[in-house]
Amino acid sequence: MREKNIQLKTKRLLISPMSDEEMRQLIIETPISELKRAYKEMLGGCLKNPEHRLWYTAWKISLKENKQLIGTAGFKGPANNCSVEIGYGIDDGFEGNGYATEAAKALIDWAFEQEGICFVEAETDPDNIASQRILEKLSFKSDGAGEEGPRFVLEKGETSWMAIYMCFGLSIGTALGATMNNMAIGMCFGMAIGMCLGVAIDSASKKKRKEIREEREKQ
């Protein structure tokens, strides 16, 4: 996965993965021992798994207007059974402005664009009501309890392959109709092809997603 020049942009924020050197500096500057330990583990994951480092590194959250760093977010390793876990934090003085929700949504959208990712999970401290509200705003659903506390999950919306291949069929039909000099027949052939492909792929996709859900429930 290429990470050069990756930068997510929202209305107010810039979100980009930290380099190994930036991670080392973050560890030095972090005063909270628990957080410092977490960053060290993340850096360790980056160094041991360079091909998957985007799923280990911290992503810096900066204000778009002045590039000021206001927090970090990231994932807890690459996908496990089509699911990744997200974490986020906004520095004191910048909380209560919706930045965490904005940054988390951008990272979640990015994660769902990556191949094979169907679920994003998150855990919160039982007393961290603010973080739980953020997850609720992002449409996460309660998913029992994890090691850190309440667990939440967000499932990627299923792609409507039928609609995609119907459009594909229209293109084929137009080409066939022009070739046959009979647009009506060409469009019928094209729509039939698109419908058959769409139904087949939709069915396979739904079956696969069902299998993934069932496997997750067993964990």
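This text walks through a predicted model, from its sheet to a helix, its cores and its salt bridges.

Let us start with the sheet. Eight strands make up an open sheet, and reading across it gives the order β1-β2-β3-β4-β5-β6-β8-β7, with mixed pairing. Which strands stand at the edges? They are β1 (8–9) and β7 (141–145); each has a single partner strand, so one side of each is left without a neighbour in the sheet. Notice that β8 sits between β6 and β7 in the order.

Now look at that end of the sheet more closely. Strand β6 (residues 119–123) and strand β8 (residues 150–155) run antiparallel and are joined by five bridges. You can find one spot to look at here: Phe 119 has Glu 155 of β8 opposite it. On the other side, β7 pairs with β8 over three bridges, again in the antiparallel sense. Here Ser 142 has Phe 152 in β8 as its bridge partner. Between the two strands of this hairpin there are four residues, and Gly 149 takes a positive phi near 150°. Is β7 buried or in the open? The number of buried residues among its five is zero, so β7 lies largely in the open.

Next, find helix α2, which covers residues 33–48. Its 16 residues reach 22 Å from the first C-alpha to the last, close to the 22 Å expected at 1.5 Å a residue. Which of its residues are buried? They are Tyr 39, Met 42, Leu 43, Gly 45 and Cys 46. Viewed down the axis of α2, the buried residues fall within an arc of 155°, so they line one face of the helix. Turn the helix around, and the face away from the buried side shows you the exposed residues Ser 33, Glu 34, Lys 40, Glu 41 and Lys 48. What do the buried residues pack against? Their partners are α1 (20–29), β3 (58–63) and β4 (69–75).

Strand β4 is a good place to pause, at Ala 73. With 5% relative accessibility, Ala 73 counts as buried, because buried means under 20%. Setting aside neighbours within four places in sequence, Ala 73 is in contact with Thr 57, Ala 58, Trp 59, Ile 61, Gly 87, Tyr 88 and Leu 107. Folding also brings up a pair to compare along the chain and in space: Ala 73 and Pro 17 are 56 residues apart in sequence, while their C-alpha atoms are 9.1 Å apart.

From one buried residue we can move to the nonpolar cores. The largest has 35 residues, and those with the most contacts inside it are Ile 15, Trp 59, Phe 75 and Phe 140. The elements that each give two or more residues to this core are β2 (13–17), β3, β4, β5 (83–90), α3 (99–113), β6, α4 (129–137) and β8. Which element gives the largest share? It is α3, with ten residues. Apart from this core lies another, of eight residues, among them Ile 27, Tyr 39, Leu 43 and Ala 58. Tyr 39 and Leu 43 are names you have already met, among the buried residues of α2.

Finally, let us turn to charge. Side chains of opposite charge can pair when their charged atoms come close. How many salt bridges are found in the whole structure? The search finds ten. In one of them, the side chains of Glu 102 and Arg 12 meet at 2.8 Å, N to O. Glu 102 belongs to helix α3 and Arg 12 to the loop between β1 and β2, so the pair ties together parts that are 90 residues apart in sequence. Glu 102 is buried, with a relative accessible area of 16%, whereas Arg 12 is partly exposed at 30%.

A salt bridge also forms between Glu 22 and Lys 60, whose closest N and O atoms are 2.6 Å apart. Glu 22 lies in helix α1 and Lys 60 in strand β3, so this pair ties together parts 38 residues apart in sequence.

The last pair takes us back to the hairpin. Glu 148 and Lys 76 meet through their side chains in a salt bridge of 2.9 Å, N to O. Glu 148 is in the loop between β7 and β8 and Lys 76 in the loop between β4 and β5, so parts 72 residues apart in sequence are tied together. Both are partly exposed, Glu 148 at 44% and Lys 76 at 46%. These two belong to a network of salt bridges that also links Glu 85, Glu 121, Glu 123 and Arg 151.

Note on methods
Residues numbered from 1 in each chain as written. Predicted model: local features only at pLDDT ≥ 70, side-chain atom pairs only at ≥ 80, totals over all residues. Heavy atoms only, no water. Pairing = 2+ DSSP bridges. Expected span 1.5 Å × (residues − 1). Buried < 20%, exposed > 50% of the residue type's maximum accessible area, 1.4 Å probe, protein only. Arc of directions from axis to C-beta. Contact = heavy atoms within 4.5 Å. Core = buried A, V, L, I, M, F, W, Y, C linked by side-chain atoms within 4.5 Å. Salt bridge = Lys/Arg side-chain N within 4 Å of Asp/Glu carboxyl O.
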